[in-house]
Amino acid sequence: MIKRAVILFGALLLSAALLVTAYSQEDMTAVDNTVFPQPERPPALFEHDDHNDAAGFEDCQACHHIYEDGVLLEDESSEDQMCSECHDLEPAGTMPGLMKAFHLNCKGCHQEMKKGPVMCGECHRR
């Protein structure tokens, strides 16, 4: 009887720990890396709305851009598209490949603003 109670109590503790962990990451968003055949790292994680609030972004175009013939279209946003819809895995002409595009956009902004993660493990957390 005591053994059953201990096992039940352990199962309840484990369930509670898993639920707390799941709900604490509810706002976490992972950059979709399923288009990469063999990703070397886990997807980059960030809280989209919190990130934009902290960065002071009100214009979605800061990250979600559209270029036509190499020219940025000022009033256009790609927020309803996945990056991989425009960026192939490999570079094409002046368009960077998908991984480089992510790094140029995200890491490049962090370096330019002198804030935010720039090391691999700071975005690609295990």
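**Exercise 1.** In this predicted model, decide whether Asp 69 is buried or exposed.

*Solution.* Start with the cut-off: a residue is exposed when its relative accessible area is over 50%. Next, take the value for Asp 69, which is 78%, so this residue counts as exposed. Now find its place in the chain: Asp 69 sits in the loop that joins strand 3 (67-68) to strand 4 (71-72). Finally, look at the backbone, where Asp 69 has a positive phi of about 55° although it is not a glycine. For background, most residues other than glycine have a negative phi.

**Exercise 2.** Find which residues gather with Asp 69 in a patch of negative charge on the surface.

*Solution.* Along with Asp 69, the patch holds Glu 58, Asp 59, Glu 68, Glu 74, Asp 75 and Glu 76. Let's pick out Asp 59, found in the loop between helix 2 (48-55) and strand 3. Its relative accessibility is 47%, and therefore Asp 59 counts as partly exposed. One more step: the C-alpha atoms of Asp 59 and Ser 77 are separated by 9.0 Å, with the two residues 18 apart along the chain.

**Exercise 3.** Work out whether Asn 33 is buried or exposed, and which residues it touches.

*Solution.* Buried means under 20% relative accessible area. Asn 33 has 17%, so it is buried. This residue lies in the loop between strand 1 (29-30) and strand 2 (45-46). Leaving aside residues up to four places away in sequence, Asn 33 touches Pro 39, Arg 41, Pro 42 and Pro 43.

Conventions
Residues are numbered from 1 along each chain as its sequence is written. This is a predicted model: local features need pLDDT of at least 70, side-chain atom pairs count only at pLDDT 80 or more; totals for chains, interfaces and linings use all residues. Side-chain values use heavy atoms; hydrogens and water are left out. Patches are made of residues with over 30% relative accessible area and no salt bridge: like charges are joined within 9 Å, nonpolar side chains (Val, Leu, Ile, Met, Phe, Trp, Tyr) within 5 Å. Accessible areas come from the Shrake-Rupley method with a 1.4 Å probe; for residues, only the protein chains shown count as cover. A salt bridge is a side-chain nitrogen of Lys or Arg within 4 Å of a carboxyl oxygen of Asp or Glu. Lys and Arg count as positive and Asp and Glu as negative; His and the chain ends are not counted. The place of a charge is taken as NZ of Lys, CZ of Arg, CG of Asp or CD of Glu. Helices (H or I, at least four residues) and strands (E, at least two) are DSSP runs, numbered from the N terminus. Buried means under 20% relative accessible area, exposed over 50%, partly exposed in between (1.4 Å probe, protein chains only). Contact means heavy atoms within 4.5 Å.
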